Amino acid sequence: MSPRSPKLTDLILWIGGAAALVVLGWLFLTVANRPAPQPTSQSVVLVTSTPTLEATPTVESVWHFIVTPTPGGTLYLQPTLPPPPPVIYPPPRARSGFLFGGQVQDFKAPDKMQWAGMKWVKFQINEGDSDAVDKIKRGHDQGFKVLLTVIGAPSRVTDESYYAQYAAYVGSLAANGADAVEIWNEPNIARDWPAGQISPVLYIKFLKPSYEAIKATNPVTLVISAAQAATLVGQSLRTPNFWTEVDYTTDFVLSAGLLYTDCVGVHYNVGTTSPDTTDPNLKGDAAFVYLPRLLEYYASLTRGTRPVCITELGYLTDDGYDPLSQVAPDFNWAQNTTVQDQAKWHAHAASIGAGSPLVEMIIVWNVDFWAYGADPHAGYAIIRPGGGCPACDALHVLGLGE
């Protein structure tokens with residue numbers, strides 16, 4: 001039997017199949033040789049040994065940082081994430097007045113503090129300290145209102161049971177008459193907070209129950225969020241040992257931390273110039289060497305919903321002590337500050353605070369500390385060697401205690 005001749009339709013199908021194979025092969029080769037797609041600014045995660053960016057203020061009230069590629073960096077494509085939820089700001093709260101005082105170690109010069117116009121005294125304590133109620137009583141007996149800054153146990157910041165314990169302790173302080181409580185101290189550095197665990201979200205796990213416990217026992221007690229340590233870094237930087245102040249406080253606000261504080265804690269103890277001196281060009285924490293830039297930042301950050309409480313404001317001078325260059329070289333940036341500068345600048349800063357609706361409190365760091373070494377606390381003290389207090393005299397002229 002002879003083979004059947006192919007029909008026309010079979011021939012067409014055979015030709016079409018061959019053509020399809022040719023097209024598929026061409027597509028495969030084209031895709032294989034095509035350059036990889038370039039990532040967009042919204043989908044890039046840049047992995048480099050060190051950050052490459054400076055803080056870039058935007059029209060937003062919260063500062064953001066823009067990541068720019070570094071040659072040689074490794075790029076990973078990630079899907080574009082949805083926009084974050086809107087920031088929850090609390091109803092605005094005006095300051096209760098201008099609250100002025102000083103942090104003490106021995107509290108042996110209440111007369112000098114009152115001469116300076118101070119009506120508040122600050123003690124820094126640890127969670128669980130048994131003499132805290134005595135400190136409240138000592139302050140009240142001398143005619144002062146009392147601020148307690150309460151540092152918790154760094155080793156327990158991830159212990160769920162510790163949040164309630166810490167909250168119960170600060171609630172008991174309010175019940176015993178504490179006029180203000182600052183929840184922790186400088187949690188953006190690995191000194192009072194453990195390395196590798198720095199996180200505003202973790203900090204809020206202490207702040208929220210503490211705020212609620214304090215208000216439940218004494219609604220008039222002022223709750224202050226923890227002030228940050230100034231890093232003076234001009235770029236966005238989050239390391240295991242520290243976060244910049246801008247990074248930390250931005251995330252704090254984005255995580256709704258403002259809902260659980262009456263006043264935002266701030267520290268300013270790196271000044272070497274008059275408190276009205278400024279420089280508009282510095283970025284990030286580097287700008288906070290100038291008091292006006294620090295206040296400008298916090299006004300923008302909070303959108304005016306919360307005042308600030310400067311729970312440490314100090315000017316370092318080695319007048320009357322051995323030179324900083326010999327004893328505390330890390331603090332040699334203050335070598336040219338005189339005790340006259342210290343007195344004048346404290347008075348000027350207090351005057352600025354008294355006249356600003358943003359500033360609810362200034363606590364002078366410090367009144368009477370006596371240790372002078374690698375960390376030269378006594379160089380900040382306004383009571384100088386020999387017992388004099390030029391800053392007290394300069395502050396007295398303002399009439400803050402009247």
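This section describes strand β9 and its surroundings, together with the residue Glu360, in a predicted model.

Strand β9 spans residues 308-313 and is mostly covered, with 6 of its 6 residues buried. Strand β9 is paired with strand β8, which comprises residues 264-268; the two run parallel and are joined by 5 bridges. Within this pairing, His267 has Glu312 of β9 as its bridge partner. The connection between the two strands involves helix α7, formed by residues 291-302, and β8, α7 and β9 together make up a β-α-β unit of right-handed sense.

Strand β9 also pairs with strand β10, which covers residues 359-364. The β9–β10 pairing is likewise parallel and extends over 4 bridges. Here Cys309 is placed opposite Met361 of β10.

Strand β10 also contains Glu360. The relative accessible area of Glu360 is 0%, and the residue is therefore classed as buried, the cut-off being under 20%. A polar contact of 2.8 Å links the side chain of Glu360 to the side chain of Arg93. When neighbours within four places in sequence are left aside, the residues in contact with Glu360 include Arg93, Arg95, Ser96, Gly97, Phe98 and Leu99. Further contacts of Glu360 are made with Leu222, Asp262 and Cys263, as well as with Pro307, Val308 and Cys309. Among these contacts, Cys309 is the residue that stands opposite Met361 in the pairing with β10.

Terms used. Residues are numbered from 1 along each chain as its sequence is written. This is a predicted model: local features need pLDDT of at least 70, side-chain atom pairs count only at pLDDT 80 or more; totals for chains, interfaces and linings use all residues. Side-chain values use heavy atoms; hydrogens and water are left out. Buried means under 20% relative accessible area, exposed over 50%, partly exposed in between (1.4 Å probe, protein chains only). Two strands pair if DSSP finds at least two bridges between them. A crossover is right-handed if, with the strands pointing away from the viewer, the path from the first strand over the helix to the second runs clockwise. A polar contact is a pair of N or O atoms within 3.5 Å; within protein, one must be able to donate a hydrogen and the other to accept it, and residues adjacent in sequence count only if both atoms are side-chain atoms. Contact means heavy atoms within 4.5 Å.
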